[in-house]
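Biologist: Can you take me through a pocket and the cysteines in this one?

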Amino acid sequence: MSTGLLLHPLTLHVPPPTSTSNGPPQPFSTAGNHHRHILSLSETCTSMSQLKQLHAFTLRTTFPDETATLFLYGRILQLSSFFFDVSYAFRVFDSIHQESHSSFMWNTLIRACAHDVSRKEEALLLYRKMLGRGKSAPDKHTFPFVLKACAYIFGLSEGKQVHCHVVKHGLSGDVYVNNGLIHLYGSCGCLDLAQKVFNDMPERSLVSWNSMVDALVRAGEYDSALELFRQMQRSFEPDGYTMQSVLSACAGLGSLSLGTWAHAFLLRRCDFDVAMDVLIKNSLIEMYCKCGSLKMGEQVFKGMRKRDLASWNAMILGLATHGRADEALGCFDRMVGKEENVKPNSVTFVAVLTACNHRGMVKKGRQYFDMMVRDYAIKPALEHYGCIIDLAARAGYITEAIDMVTSMPMKPDAVIWRSLLDACCKKGASVQLSEEIATRLIETREDNQSSSGAYVLLSRVYASASRWNDVGIVRKLMTEHGIRKEPGCSSIEINGISHEFFAGDTSHPQTKQIYEHLKVIDDKLRSVGYLPDCSQAPLVDSNNDGSKEYSLRLHSERLAIAFGLISLPPRTPIRVFKNLRVCSDCHEVTKLISKVFNTEIIVRDRVRFHHFKDGSCSCSDYW
């Protein structure tokens with residue numbers, strides 16, 4: 001009898017089982033050689049169909065309880081997970097007697113689930129079963145996979161329990177386990193615990209450093225992340241994962257010079273496979289867009305040989321935040337078109353709705369919101385509702401926006417209430433409605449910034465109605481509750497060094513020159529007809545327009561722009577990053593400065609970029 005196993009280019013010819021007088025039929029008289037032969041065949045498997053043939057051959061020609069056979073089952077289990085057929089791996093696992101499940105088998109299945117986005121929670125369930133049956137103890141290979149699953153589902157409580165098991169099994173010094181712990185705590189926002197694990201490690205690998213740098217970036221500690229990156233370079237050569245985190249830190253800081261250096265480093269030192277190349281290029285697009293260099297972001301995007309969904313999302317959002325709404329929507333159309341045929345996800349529609357929002361495209365925003373639900377069966381999340389509500393409210397459809405808030409399937413957050421209150425303030429809604437929304441915003445109690453924003457916006461509503469007594473009451477309440485208005489802060493990078501300015505700042509070493517140039521700017525602007533908009537000055541009932549005008553001159557972005565004008569070569573673009581929205585007077589002033597001084601000024605405020613050039617802004621005065 002011959003048995004054919006179609007493992008290309010190999011065909012097996014197997015003799016029939018032989019009988020012995022001392023027991024059941026034996027598949028081979030040289031069983032050890034046969035098992036080794038099957039094991040060698042497993043190394044030639046390149047597909048699930050071949051693996052299934054090998055599995056069938058193993059079932060027919062071996063005894064299931066032999067140690068060597070169980071080893072082969074473990075190998076089949078491992079290969080099925082490598083071929084991403086986790087369901088088949090489960091069937092193989094379940095076909096093996098429970099008493100014969102080894103730690104290797106458990107680890108293989110846990111690993112397969114930990115690497116499958118849809119099965120992360122199953123990895124934890126398997127771990128619990130492994131502990132419950134008590135036949136196989138977890139080892140140093142088990143914990144990294146379990147911790148990875150905990151990190152993905154943000155299972156901090158479960159992760160801490162696993163950490164206890166790590167200590168119990170004496171694996172606190174294992175570098176791979178500790179890497180998993182750093183990743184877990186970093187993903188769950190427990191920076192102090194991640195730092196403690198990192199500091200206590202007796203041995204560190206490149207992954208250890210990468211995990212800690214990534215944890216710092218996730219926590220918004222960008223300067224600390226870059227400092228740790230510098231320390232890491234004394235011991236290890238950065239890889240693609242390192243540079244992804246570095247680029248994210250540059251994006252967070254708005255440091256174009258450092259981001260450009262990182263790009264040059266990548267071109268000079270790193271050679272990546274296609275998958276990593278896509279990840280790096282996506283990070284570069286995001287970095288350049290967030291640092292105000294949309295042109296470079298577009299160049300990276302257009303030069304990509306292969307793109308994934310994240311590439312398109314990054315480019316659409318970049319175009320949207322820079323006010324290029326039509327191009328952002330055109331990019332979306334190309335993405336979903338026949339040629340590219342990339343299916344959008346929820347992140348895509350956040351980017352698309354953001355594009356509509358920044359240009360006041362209410363009708364298109366509604367169409368894309370409906371498309372998301374109708375054509376792509378994407379359930380709207382809080383971010384989608386936030387975009388469409390802000391879009392409607394800022395366009396003056398405040399009643400429609402409030403109706404959307406009341407019909408949402410989830411509780412609105414502080415961002416939604418703040419956007420409604422801001423729209424009420426700008427669109428002259430009734431004081432009563434503004435008071436009701438401000439009350440809702442304060443009731444969210446999400447953070448001090450939310451309360452501060454509510455009080456400040458409400459005081460502006462009262463000021464617009466000339467209810468100065470109420471303005472005073474609001475400011476008194478803020479003082480009594482220890483609530484402070486978030487101070488305006490702007491930064492500008494000169495020769496790789498970031499300079500930070502607050503409103504009315506006099507701490508900079510070049511304060512004298514900055515204020516002298518502010519006077520030059522003011523004189524030139526008045527010569528072309530500029531008149532200050534004193535409604536943007538501090539909200540007090542005062543007839544002293546001179547003091548109000550002076551306070552406007554000291555807004556943080558004006559100090560940064562003045563410093564840029566005296567520090568950079570003529571006609572060099574000035575990039576300013578501001579923590580608050582630009583006020584209408586500063587917006588008008590910056591437009592005039594771009595024309596009078598013949599320079600491009602790029603300002604990133606809390607929600608978007610403004611490109612000022614030749615006396616106009618990319619936002620078309622809608623922000």
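Modeller: What follows covers one pocket and then the cysteines.

Modeller: This is a predicted model, where local features need pLDDT of at least 70, side-chain atom pairs count only at pLDDT 80 or more, and totals for chains, interfaces and linings use all residues. Residues are numbered from 1 along each chain as its sequence is written, and side-chain values use heavy atoms, with hydrogens and water left out.

Biologist: How much space lies in the second largest pocket?

Modeller: About 500 Å³. A pocket here is an open set of points on a 1 Å grid over the protein atoms alone, where a 1.4 Å probe fits, with protein on both sides within 12 Å along at least five of seven lines; lining residues have an atom within 4 Å of a point. The volume is the space filled by probe spheres set on the points, which are joined across faces, edges and corners.

Biologist: Which lining residues are closest to its centre?

Modeller: Gly252, Leu253, Gly254, Ser491 and Ser498, out of 24 that line the pocket.

Biologist: And which element gives the largest share of the lining?

Modeller: β3, with five residues. Strands are DSSP runs of E, at least two residues, numbered from the N terminus.

Biologist: Switching topic, how many disulfides?

Modeller: Zero, where a disulfide is a pair of cysteine sulfur atoms within 2.5 Å.

Biologist: Why is Cys583 not bonded to Cys586?

Modeller: Because their sulfurs are 3.5 Å apart, too far for a bond, although Cys586 holds the closest cysteine sulfur.

Biologist: Is Cys583 buried or exposed?

Modeller: Buried, at 13% relative accessible area; the cut-off is under 20%, with a 1.4 Å probe and protein chains only.

Terms used:
Helices (H or I, at least four residues) and strands (E, at least two) are DSSP runs, numbered from the N terminus. Buried means under 20% relative accessible area, exposed over 50%, partly exposed in between (1.4 Å probe, protein chains only).
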